[in-house]
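Q: Got a model to walk through. Can we go over how the fold is put together?

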Amino acid sequence: MADSKVKEIEDLIKIVSKLPGLGPKSAQRIVLKLINNREELIKPLTNTLAQVYRNVVRCNICGNLKSSNSSCVCSNKKYDQICVVENLADMFAVQSTGIFKGSYHILGGTLPSFEGQKSGNGLLVESLINRVKKNSVKEVILATSASIEGETTAHYISDSLKDTKAKITRLAKGVPVGGSIEHLDDGTLFSAFKNRGPIVSD
Ligand SMILES: [Zn+2]
């Protein structure tokens, strides 16, 4: 396998080894498994990947992924709490703690700290304000990371939501400074979520 000079195989190994947690060795093993199971694995994988490529898009209201063939969870679920996260990995982290049952809002990043609180350029902030107003949301939980960018973003959003009736809370300081939500263990995240409080300016 390692000496294989078949271009198609080499190309596939290169792509697979770019996936998280996989090096060239494990990529080779995966590709070998695929090739030995053409009908059971390669065929359905090819079709599924093509469908994901064609149909899965980012919702421009909540930032979650959705199928272009159906409406997003944000439009067909009742909620009075919104948890704001930076990215999908952070949402999955909060989901895995099981503590939050409301709706998520995926910003798509943070404000660069040097840009201060000038504008939420590129982040889904406007649509968050609209969601909060439209659904008379009671609480917005800011679960951005404990980095300078995460704090700047939290304050910016908190300011943006001033005119709404929603209570704005921030995860407790159990989150290590600089820590991203995605890399917290379930226990730490659970308690930071549970002990959330009003956002404070320092
Ligand atoms: Zn949505």
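Q: Which strands does α7 lie across, and at what angle does α7 run to β6?
A: α7 lies across β3, β5 and β6, and runs at about 175° to β6. Axes are lines fitted to C-alpha atoms, for helices over the stretch in contact, and angles run from 0 to 180 degrees between N-to-C directions. Contact means heavy atoms within 4.5 Å. Helices (H or I, at least four residues) and strands (E, at least two) are DSSP runs, numbered from the N terminus.

Q: Ground rules for the model?
A: This is a predicted model: local features need pLDDT of at least 70, side-chain atom pairs count only at pLDDT 80 or more, and totals for chains, interfaces and linings use all residues. Residues are numbered from 1 along each chain as its sequence is written, and side-chain values use heavy atoms, with hydrogens and water left out.

Q: What's the strand order in the sheet?
A: β4-β3-β5-β6-β7, an open sheet of 5 strands with mixed pairing. Two strands pair if DSSP finds at least two bridges between them.

Q: And which are the edge strands?
A: β4 (103-106) and β7, each pairing on one side only.

Q: In what sense do β5 and β6 pair?
A: Parallel, over 4 bridges, with β5 at residues 139-142 and β6 at 167-170. Glu139 stands opposite Lys167 there.

Q: What unit do β5, α7 and β6 make?
A: A right-handed β-α-β unit, with α7 spanning residues 148-160. Right-handed means that, with the strands pointing away from the viewer, the path from the first strand over the helix to the second runs clockwise.

Q: How many bridges join β6 to β7?
A: 2, and these strands run antiparallel. Thr169 has Pro198 of β7 as its bridge partner.

Q: Other side now. What does Cys83 stand opposite in β4?
A: Tyr104. β3 and β4 pair in the parallel sense over 4 bridges. In β5, the bridge partner of Cys83 is Ile141. β3 (residues 81-85) and β5 also make a parallel pair over 4 bridges.

Q: What do β3, α5 and β4 make?
A: A right-handed β-α-β unit.

Q: Which α5 residues are buried?
A: Asp90, Met91, Ala93, Val94 and Thr97, in a helix that covers residues 88-97. Buried means under 20% relative accessible area, exposed over 50%, partly exposed in between (1.4 Å probe, protein chains only).

Q: Why do they line one face of the helix?
A: Seen down the α5 axis, the buried residues fall within an arc of 160°, so they line one face. The arc is that of the directions from the helix axis to the C-beta atoms.

Q: What do they pack against?
A: β3, β4 and α8 (186-194).

Q: What's just after α5?
A: Gly98, with a positive phi of about 75°.

Q: Back to β4. Which residues cover its two faces?
A: Ser103 and His105 are on one side, Tyr104 and Ile106 on the other, and all are buried. Ser103 has a relative accessible area of 7%. Ser103 touches residues including Lys77, Tyr79 and Arg131.

Q: Is Val140 buried or exposed?
A: Buried, at 0% relative accessibility. Val140 sits in β5. Its contacts include Val84, Val132 and Leu161. The C-alpha atoms of Val140 and Val84 are separated by 7.1 Å, though 56 residues apart along the chain.

Q: Last one. Where does α6 lie?
A: Across β3, β4 and β5, running at about 160° to β4. α6 is residues 126-134.

Methods: Lists of a residue's contacts leave out its neighbours within four places in sequence.
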